[in-house]
Amino acid sequence: MLFKNLTTLQIGGPAKKFLAVSSEEELVQAIEYAKKEKLPYLVIGSGSNLLVADEGFDGLVIKNEISGISGMTSKSGTPLQELVDYTIQNGLSGLQKLAGIPGTVGGAVYGNAGAYGQTISDHIVSVDQLNNSDCAFGYRDSIFKTTKQPILAVTFQLEPGDPETLKKEAEEVLSKRLVKYPPGIKCPGSFFKNLIASQIPPEALKNIPPDKIVYGKLPAGVLLEMVGANGQSLDGIEIASYHANLFINKGHGTAKAFYSLAKTYAQKVKEKFGITLEPEVQFINLPPLT
Ligand SMILES: Cc1cc2nc3c(=O)[nH]c(=O)nc-3n(C[C@H](O)[C@H](O)[C@H](O)COP(=O)(O)OP(=O)(O)OC[C@H]3O[C@@H](n4cnc5c(N)ncnc54)[C@H](O)[C@@H]3O)c2cc1C
């Protein structure tokens with residue numbers, strides 16, 4: 001199986017072995033098999049936040065298709081959109097602004113996905129055996145990035161809300177998202193993490209118009225734009241002309257070109273502002289950018 005068929009970016013070489021699992025038992029067996037064979041393994045969801053090397057991954061890739069929602073608990077392979085729709089229909093408020101984020105619930109927990117001021121971890125009670133506070137959630141961060149422990153089921157606590165109002169909020173978000181991410185776009189979402197405004201050194205902040213800070217964050221795209229990233233391209237990878245943190249595969253792009261373009265503009269930001277941009281996208285079989 002080629003990663004270009006497993007990722008929204010449609011880039012990446014072969015997985016040595018590949019298995020899609022639809023039950024917890026299958027997932028456990030797959031991991032046991034990998035351990036026995038001394039194969040590295042990787043659990044993925046919908047591949048919407050991955051940049052995978054052109055050489056692929058020399059191990060077992062386990063695609064999580066364990067899905068279902070019961071009460072306030074969702075299995076990790078459930079599409080996030082399905083969970084969002086479920087909460088809206090049941091008059092539960094707190095996840096409606098995550099409408100339109102591709103991927104599974106497990107992937108969203110791993111990277112603590114969020115949008116338009118809502119973040120998944122704000123409404124999580126527990127992930128498998130761990131309480132919310134054990135999950136070390138931070139901005140696009142969780143303990144699972146360190147432990148690599150497979151996420152199986154997630155339990156939420158949400159506030160009551162009016163289904164019509166929630167639906168309207170989700171629709172508003174979806175129409176905004178359509179402008180940034182037209183259907184069929186080959187990308188892994190925003191490439192770099194935004195910056196927490198309170199953590200930016202005052203020296204660097206001086207050069208940035210204050211109205212660029214949104215929800216307490218400085219979008220990485222603002223810095224990238226200020227170093228001329230918009231519309232730049234390299235070997236089939238293009239930075240959107242309307243959004244400098246959006247790197248798009250125009251059809252024949254490679255991980256090598258993507259990596260190189262991202263590195264060039266991260267370096268320019270570093271030189272101009274003294275700020276190190278960190279990728280939000282997960283690298284598979286690629287060295288860190290900095
Ligand atoms: C068009 C577009 C728009 C996007 N917009 C947003 C946005 O607004 N906000 C946002 O936060 N993100 C956004 N993203 C990024 C992406 O959708 C999220 O990061 C999503 O939550 C990833 O889920 P996934 O199932 O695709 O994970 P994958 O990409 O398959 O995996 C991502 C990481 O999670 C790990 N992982 C996945 N499932 C499990 C599991 N069950 N157990 C353990 N580890 C697991 C993988 O090993 C990998 O390291 C966007 C992406 C695209 C393509």
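**Note on salt bridges, burial and strand pairing**

1. At a relative accessibility of 53%, K16 counts as exposed, because the exposed class begins over 50%. Its acidic partner D58 has 55% relative accessibility and is likewise assigned to the exposed class. The model under review is a predicted one, and the values below should be read as computed from it.

2. K16 and D58 meet through their side chains in a salt bridge, with an N to O distance of 3.9 Å. This pair joins distant parts of the chain: K16 belongs to strand β1 (residues 15-21) and D58 to strand β4 (residues 57-64), with the two positions 42 residues apart in numbering. The distance falls inside the cut-off, since a salt bridge requires the nitrogen to lie within 4 Å of the carboxyl oxygen.

3. What is the salt-bridge count for the model? The count comes to seven. Besides K16 and D58, two further pairs are taken up here, E203 with K206 and E238 with K250.

4. The side chains of E203 and K206 form a salt bridge at 3.2 Å, N to O. Both residues are exposed.

5. E238 and K250 form a salt bridge whose closest N and O atoms are 4.0 Å apart. The pair links distant parts of the chain, with E238 in strand β17 (residues 237-239) and K250 in the loop between β18 (247-249) and α8 (255-273), twelve residues apart. Are these two residues buried, partly exposed or exposed? E238 is partly exposed because its relative accessible area is 27%, and K250 is partly exposed because its value is 48%. The partly exposed class lies between the 20% and 50% limits, so both values belong to it.

6. On cysteines, a search of the whole structure returns zero disulfides. C135 has a relative accessibility of 0% and therefore counts as buried. C187 is buried too, with a relative accessible area of 6%. Both assignments follow because buried means under 20%.

7. For secondary structure, the protein holds eight helices and 19 strands. One strand worth a look is β10 (residues 124-127), which pairs with strand β12 (residues 153-156) in the antiparallel sense over three bridges. Within this pairing, V127 stands opposite V154 in β12.

8. Strand β10 also pairs with strand β11 (residues 130-131): two bridges join them, and they run antiparallel. Here S126 stands opposite N131 of β11. Which residue in the turn of this hairpin has a positive phi? It is D128, with phi of about 50°, and two residues lie between β10 and β11.

9. Overall dimensions are as follows. The C-alpha trace spans about 50 × 50 × 35 Å along its principal axes. The radius of gyration of the protein is 19 Å, which agrees with the value near 19 Å that a compact globule of 290 residues would have.

10. Burial and contacts complete the picture. Of the 290 residues, 47% are buried. Among contacts with a separation of 6 or more, 63% are between residues 24 or more positions apart. The accessible surface comes to about 14,000 Å², and carbon and sulfur atoms account for 51% of this area.

Definitions and conventions. Residues numbered from 1 in each chain as written. Predicted model: local features only at pLDDT ≥ 70, side-chain atom pairs only at ≥ 80, totals over all residues. Heavy atoms only, no water. Disulfide = S-S within 2.5 Å. Buried < 20%, exposed > 50% of the residue type's maximum accessible area, 1.4 Å probe, protein only. Helix = DSSP H or I, 4+ residues; strand = E, 2+ residues; numbered from the N terminus. Rg over C-alpha atoms; globule rule 2.2 N^0.38 Å. Contact = heavy atoms within 4.5 Å. Areas by Shrake-Rupley, 256 points an atom, 1.4 Å probe, with all protein chains shown as cover. Pairing = 2+ DSSP bridges.
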